[in-house]
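Work through the exercises below with the sequence and the structure open side by side. Each task is followed by a solution in steps.

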Amino acid sequence: PPPGQGWSCRAVLGEGHQRTVRRVAWSPCGSYLASASFDATTCIWKRQEDGFEKGGQWGAAPPPLRNSFAPAVDEEEEYECVSVLNSHTQDVKHVVWHPNQELLASASYDDTVKLYHEEEDDWVCCATLEGHESTVWSVAFDRGGERLASCSDDKTVRVWRRYEPGNEEGVACSGTDPTWKCVCNLSGYHTRTIYDVAWCHLTGALATACGDDAIRVFEENAASDPRQPTFGLTAHNSPGRAVTLHCSASVLRTSVEAEPSRKKRPRVSFSRHMSLMARAVFPVSFLE
């Protein structure tokens, strides 16, 4: 059908936040929606089906889409705000779900990353990742969810690894909760704020979007120690770099797919936005 037809607004969730909502993310099971706001809160909304809460099984296939001609469902009955998380002290910039667990990560202007899980019918902060020296703009889990990448205004990307209680490495844990430890700090590659990071679930490559107008792709060195992984820069789209680009341009935005020439290298898509201060690459994602 023509663009715009067959879609309807099912609900307006306007009660949870008091300021601009910057980011939303669906959980893998489709039952939860997380939102991040400038009011320093993270909200978790639970989707209900036919008047009852549809908890669903984590990792199960999402529910089928409703027919656009189905009777309207009252928005108060279809989505319920089950938790308003106030763990951050400043704007929340980004939220992302773990690929197969009830675990949510958020990034904030307060220089930290927070992790949340459900505990006794409520959502609580279960870990705070500290180390960045300025705003954390984005976070991304790897395919298995054992590692988390974060990018910051401090021009670095940090890779955090989860250690369960009783781990062989001897990393201390509190009770039954796992510990997240920074195992890699990618620094010296970026000259301005890193606004976004994406972790390819097919190849394990990392891509960053930076305020210096460039996208960089990093690959983990196969010979490196998993406890202290190292990553090498394998693609860089700044002027003078040899990367094949296929562009589709519009007045307000340029969408780009970068295809490094080596086989099995990941394809990267990104959007370039213009601001009054500088040209910067903001969102970046892998085509999987």
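## Exercise 1: A hairpin and its sheet

In the hairpin formed by β14 and β15, six residues lie between the strands, and glycine 204 there has a positive phi near 85 degrees. The model is a predicted one.

**Task.** Starting from this hairpin, find the order of the strands in the open sheet of four strands and state how they pair.

**Solution.**

Step 1. Five bridges connect β14 with β15 (residues 206-210), and the two strands run antiparallel. Within this pair, tryptophan 199 is opposite leucine 206 of β15.

Step 2. Go on from β15 to β16. These strands are also antiparallel, joined by four bridges. Alanine 209 has isoleucine 215 in β16 as its bridge partner. The hairpin of β15 and β16 has four residues between the strands, and aspartate 213 in this hairpin takes a positive phi near 75 degrees.

Step 3. Go on from β16 to β17. Strand β16 (residues 215-220) pairs with β17 in the antiparallel sense, over five bridges. Glutamate 220 is opposite phenylalanine 231 in β17, and glutamate 219 is opposite glycine 232 in β17.

Step 4. Put the pairs together. The order is β14-β15-β16-β17, with antiparallel pairing in an open sheet. The edge strands, each pairing on one side only, are β14 (194-199) and β17 (231-236). From one strand to the next the twist averages 25 degrees.

## Exercise 2: An edge strand and its surroundings

**Task.** How many residues of β14 are buried, and what does this say about how the strand is enclosed?

**Solution.**

Step 1. The cut-off for buried is under 20% relative accessible area.

Step 2. In β14, six of the six residues are buried, so the strand is largely enclosed by the rest of the structure.

Step 3. Set this beside the pairing: β14 is an edge strand of its sheet and pairs on one side only. For the whole protein, buried residues make up 45% of the 288 residues.

## Exercise 3: Aspartate 142

**Task.** Is aspartate 142 buried or exposed, and which residues is it in contact with, leaving aside neighbours within four places in sequence?

**Solution.**

Step 1. Locate the residue: aspartate 142 is in the loop between β10 (136-141) and β11 (147-152).

Step 2. Apply the cut-off. Aspartate 142 has 9% relative accessibility, so it counts as buried.

Step 3. List the contacts. With neighbours within four places in sequence left aside, aspartate 142 touches Pro99, Arg147, Trp199 and His201. Trp199 and His201 also appear in the next exercise, among the residues nearest the centre of the second largest pocket.

## Exercise 4: The second largest pocket

**Task.** Which elements give two or more residues to the lining of the second largest pocket, and how does the lining divide by class?

**Solution.**

Step 1. The pocket has a volume of about 480 Å³. Its lining comprises 25 residues, with Val96, Ala140, Ala198, Trp199 and His201 nearest the centre.

Step 2. Two or more lining residues come from each of β1 (21-26), β6 (92-97), β10, β14 and β21 (279-286).

Step 3. Sorted by class, the lining consists of 17 nonpolar, five polar and three charged residues.

## Exercise 5: Serine 106

**Task.** Where does serine 106 lie, and what is its relative accessibility?

**Solution.**

Step 1. Serine 106 is part of strand β7 (residues 103-108).

Step 2. Its relative accessibility is 0%, so serine 106 counts as buried.

Step 3. Beyond neighbours within four places in sequence, serine 106 has contacts that include Thr42, His88, Thr112 and Tyr116. Serine 106 and valine 136 are 30 residues apart in sequence, with a C-alpha to C-alpha separation of 9.1 Å.

## Exercise 6: Positive phi in a loop

**Task.** What are the phi values of glutamate 120 and aspartate 121?

**Solution.**

Step 1. Recall the background: most residues other than glycine have a negative phi.

Step 2. Glutamate 120 has a positive phi of about 55 degrees, and aspartate 121 has a positive phi near 65 degrees.

Step 3. Glutamate 120 is in the loop between β8 (113-119) and β9 (122-129), and aspartate 121 lies in the loop between β8 and β9.

Step 4. The cut-off for exposed is over 50%. Glutamate 120, at 77% relative accessibility, counts as exposed. Aspartate 121, at 75%, counts as exposed.

Terms used:
Residues are numbered from 1 along each chain as its sequence is written. This is a predicted model: local features need pLDDT of at least 70, side-chain atom pairs count only at pLDDT 80 or more; totals for chains, interfaces and linings use all residues. Side-chain values use heavy atoms; hydrogens and water are left out. Two strands pair if DSSP finds at least two bridges between them. Axes are lines fitted to C-alpha atoms, for helices over the stretch in contact, and angles run from 0 to 180 degrees between N-to-C directions. Buried means under 20% relative accessible area, exposed over 50%, partly exposed in between (1.4 Å probe, protein chains only). Contact means heavy atoms within 4.5 Å. On a 1 Å grid over the protein atoms alone, a cavity is a set of points where a 1.4 Å probe fits but cannot get out, and a pocket is an open set with protein on both sides within 12 Å along at least five of seven lines; lining residues have an atom within 4 Å of a point. Grid points are joined across faces, edges and corners, and a volume is the space filled by probe spheres set on the points. Ala, Val, Leu, Ile, Met, Phe, Trp, Tyr, Cys and Pro count as nonpolar, Asp, Glu, Lys and Arg as charged, and the others, Gly among them, as polar.
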